[in-house]
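Me: I'd like to go through this chain with you piece by piece. Could you start with how the elements are defined and then take my questions as they come?

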Amino acid sequence: MQEECIQQSIANTQTISQKKTPAPLPIESFILPAIEKIQNGDIETGMIMLFWVLDQRPNNYAALSWYGMGAFKQGKPLEAVKYFERALEIRRDDAQLLSNLGQAYMGAGETIKAYDSFSKAHALNDNDAEAAYYLGYFAEQKGEYEKAKSFYKNALQNNPHLRNAYVQLANIHHLQDAPKEAFICLRRAKELFPDDRDVAFIMGQFVSKNVPSWHLTMLADKPRNTAYYNALKYHVTADD
């Protein structure tokens, strides 16, 4: 009887111990919360979590990619390159990763490597707006304006909110003596980013260079313009 009690006591202790000590979570279960931290601005916490994952799983593709993204967001392009390249060794056909690597190379001043990464990204996925934008930038720098315009338009087609693509496209139109097309690009940028000081400044510079001063004076004459508007509204002609 005493032996049965002892055995029952041991069994109860084991049961309690099992209840108090839950099974450890898989290491991979920390990746998604870490990514959410980075996306929501808590980059440091997210990177700490991913660093712990990589300590246990050094070849985890998602952890490598997002650790690199966290480093890039922190303004550490060289560190970002290191982790993006490690991820690329695992999966070489990821257009988004190649585009991210290209941007990190740009931040590190490695323009030749950046061009190579963007070219590979665009070849894998011609809907990648960032890759198309930077390829347009490289073409513009070489004076290949038609090629640059094609890339910029492709970028805007896939992401209409790329501010710099509108500005660069407007610059090419200006160089090609097409002020109307340039103005349309800048006006669209101003509509999308009404509070952007850089866009407002560029718009002001463009207007001052391309619109005659006498026309600006006329535009500022609100009473006169209102009278013209009312005349046109009621179909007043020169004979009236």
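Reply: Helices here are DSSP runs of at least four residues, numbered from the N terminus. The model is a predicted one, and on that footing serine 65 is placed in helix 4, which covers residues 61-73.

Me: Is serine 65 buried or exposed?

Reply: Serine 65 is buried, because its relative accessible area is 12% and buried means under 20%.

Me: And what is serine 65 in contact with, leaving aside its neighbours within four places in sequence?

Reply: With those neighbours left out, serine 65 contacts Phe84, Ala87 and Leu97. Phe84 also appears in the largest nonpolar core, as one of the residues with the most contacts inside it.

Me: Let me step back for a second. How many helices and strands does the chain have?

Reply: The chain has 14 helices and zero strands. Buried residues account for 34% of its 240 residues, and of the contacts between residues at least 6 apart in sequence, 42% join residues at least 24 apart. The accessible surface of the chain is about 15500 Å², with 54% of that belonging to carbon and sulfur atoms.

Me: Back to that core, then. How many residues does the largest nonpolar core have, and which have the most contacts inside it?

Reply: The largest nonpolar core has 57 residues, and those with the most contacts inside it are Leu50, Phe84, Phe118, Tyr133, Tyr152 and Leu162. Helix 8 gives the largest share of this core, with eight residues.

Me: What does tyrosine 133 touch, not counting residues up to four places away?

Reply: Tyrosine 133 touches Tyr152, Ala155, Leu162, Asn164, Ala165 and Gln168. Two of these partners, Ala165 and Gln168, are among the buried residues of helix 10.

Me: Phe118 was in that list too. Which residues of helix 7 are buried?

Reply: In helix 7, the buried residues are Ala114, Ser117, Phe118, Ala121 and His122. Viewed down the helix axis, the buried residues of helix 7 fall within an arc of 130°, so they line one face of the helix. On the other side of helix 7, Ile112 and Ala123 are exposed.

Me: What do the buried residues of helix 7 pack against?

Reply: They pack against helix 6 (95-107), helix 8 (129-141) and helix 9 (145-158). From helix 6, glutamine 103 is in contact with Phe118, and also with Phe72, Glu130 and Tyr134, when its neighbours within four places in sequence are left aside. Glutamine 103 is itself buried, at a relative accessible area of 16%, and its C-alpha atom is separated by 10.0 Å from that of lysine 113, ten residues apart along the chain.

Me: What span should helix 7 have, at 1.5 Å a residue?

Reply: Its 14 residues should span 20 Å at that rate, and the end C-alpha atoms are 20 Å apart, which agrees. For helix 10, the 13 residues should span 18 Å and the end C-alpha atoms are 19 Å apart, which agrees as well.

Me: Changing topic: where does aspartate 177 lie, and what is its phi?

Reply: Aspartate 177 lies in the loop between helix 10 (163-175) and helix 11 (179-192). Its phi is near 55°, a positive value in a residue other than glycine.

Me: Is aspartate 177 buried or exposed?

Reply: Aspartate 177 is exposed, because its relative accessible area is 65% and exposed means over 50%.

Definitions and conventions: Residues numbered from 1 in each chain as written. Predicted model: local features only at pLDDT ≥ 70, side-chain atom pairs only at ≥ 80, totals over all residues. Heavy atoms only, no water. Helix = DSSP H or I, 4+ residues; strand = E, 2+ residues; numbered from the N terminus. Buried < 20%, exposed > 50% of the residue type's maximum accessible area, 1.4 Å probe, protein only. Contact = heavy atoms within 4.5 Å. Expected span 1.5 Å × (residues − 1). Arc of directions from axis to C-beta. Core = buried A, V, L, I, M, F, W, Y, C linked by side-chain atoms within 4.5 Å. Areas by Shrake-Rupley, 256 points an atom, 1.4 Å probe, with all protein chains shown as cover.
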